[in-house]
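Please read the report below alongside the sequence and the model. It begins with the aromatic rings and then turns to the helices and the chain as a whole.

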Amino acid sequence: MGINKNTILGWASFIMFIMGLLLIGLGAFRYNEVAGWGFAAVGVGFLANGWVFSSLKGRL
């Protein structure tokens, strides 16, 4: 099975994008209190990390 660094970074960025969208969705639709802001902030952080992993994919 040919898994190299680019494949691993691609899967990691995909998973982080999905988790970021899921956490933002939880913050927006499930929790209406202050906890929703925390979930949304963590989701934005996951999206930022996924973006960094995606940009590093061809450079390592």
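## Aromatic pairs

In this predicted model, a search of the whole structure finds two aromatic pairs. One of them joins Trp-11 and Phe-14, whose rings meet edge-to-face, with 6.0 Å from centre to centre and 85° between the planes. Both residues belong to helix α1, where they are three residues apart, or about one turn of the helix. An α-helix has 3.6 residues a turn, so residues three or four places apart point the same way. As for solvent, Trp-11 is exposed, with a relative accessible area of 53%, which lies over the 50% cut-off for that class, whereas Phe-14, at 45%, is partly exposed.

The other pair is made by Tyr-31 and Phe-39, and it counts as stacked because the ring centres are 4.9 Å apart and the planes lie at 5°, under the 30 degrees that the class requires. Tyr-31 is partly exposed at 29% relative accessibility, and Phe-39 is likewise partly exposed, with a relative accessible area of 28%. Tyr-31 also has a charged neighbour, since Arg-30 lies over the face of its ring, at 5.3 Å from the ring centre.

## Surroundings of Phe-39

Phe-39 is a residue of helix α2. When neighbours within four places in sequence are left aside, Phe-39 is in contact with Leu-23, Ile-24, Leu-26 and Gly-27, and also with Tyr-31, the residue with which its ring is stacked. How far apart are the C-alpha atoms of Phe-39 and Trp-11? The separation is 23 Å, for two residues that are 28 residues apart along the chain.

## Helix α2 and its packing

Helix α2 runs over residues 34-56, and at 1.5 Å a residue its 23 residues should span 33 Å; the C-alpha atoms at its ends are 34 Å apart, which agrees with that expectation.

Which residues of α2 are buried? They are Gly-36, Gly-43 and Gly-50, and these buried residues pack against α1, which covers residues 5-30. From the side of α1, the contact can be followed at Ser-13, which has its place in that helix. Ser-13 has a relative accessible area of 5% and is therefore buried, the cut-off for that class being under 20%. Leaving aside neighbours within four places in sequence, Ser-13 is in contact with Gly-50, Phe-53 and Ser-54, and Gly-50 is itself one of the buried residues of α2.

## The chain as a whole

The chain contains two helices and zero strands. Its radius of gyration is 14 Å, well over the 10 Å that the globule rule gives for 60 residues, so the chain is more spread out than a compact globule. Along its principal axes, the C-alpha trace spans about 45 × 20 × 10 Å.

Buried residues make up 15% of the 60 residues. The chain exposes about 4500 Å², and carbon and sulfur atoms supply 72% of that area. Among contacts between residues at least 6 apart in sequence, 60% join residues at least 24 apart; the contact of Ser-13 with Gly-50 may be read alongside that figure.

Note on methods
Residues numbered from 1 in each chain as written. Predicted model: local features only at pLDDT ≥ 70, side-chain atom pairs only at ≥ 80, totals over all residues. Heavy atoms only, no water. Helix = DSSP H or I, 4+ residues; strand = E, 2+ residues; numbered from the N terminus. Expected span 1.5 Å × (residues − 1). Buried < 20%, exposed > 50% of the residue type's maximum accessible area, 1.4 Å probe, protein only. Contact = heavy atoms within 4.5 Å. Phe/Tyr/Trp six-rings, centres within 6.5 Å; stacked < 30°, edge-to-face > 60°. Lys NZ or Arg CZ within 6 Å of the ring centre and 35° of its normal. Rg over C-alpha atoms; globule rule 2.2 N^0.38 Å. Areas by Shrake-Rupley, 256 points an atom, 1.4 Å probe, with all protein chains shown as cover.
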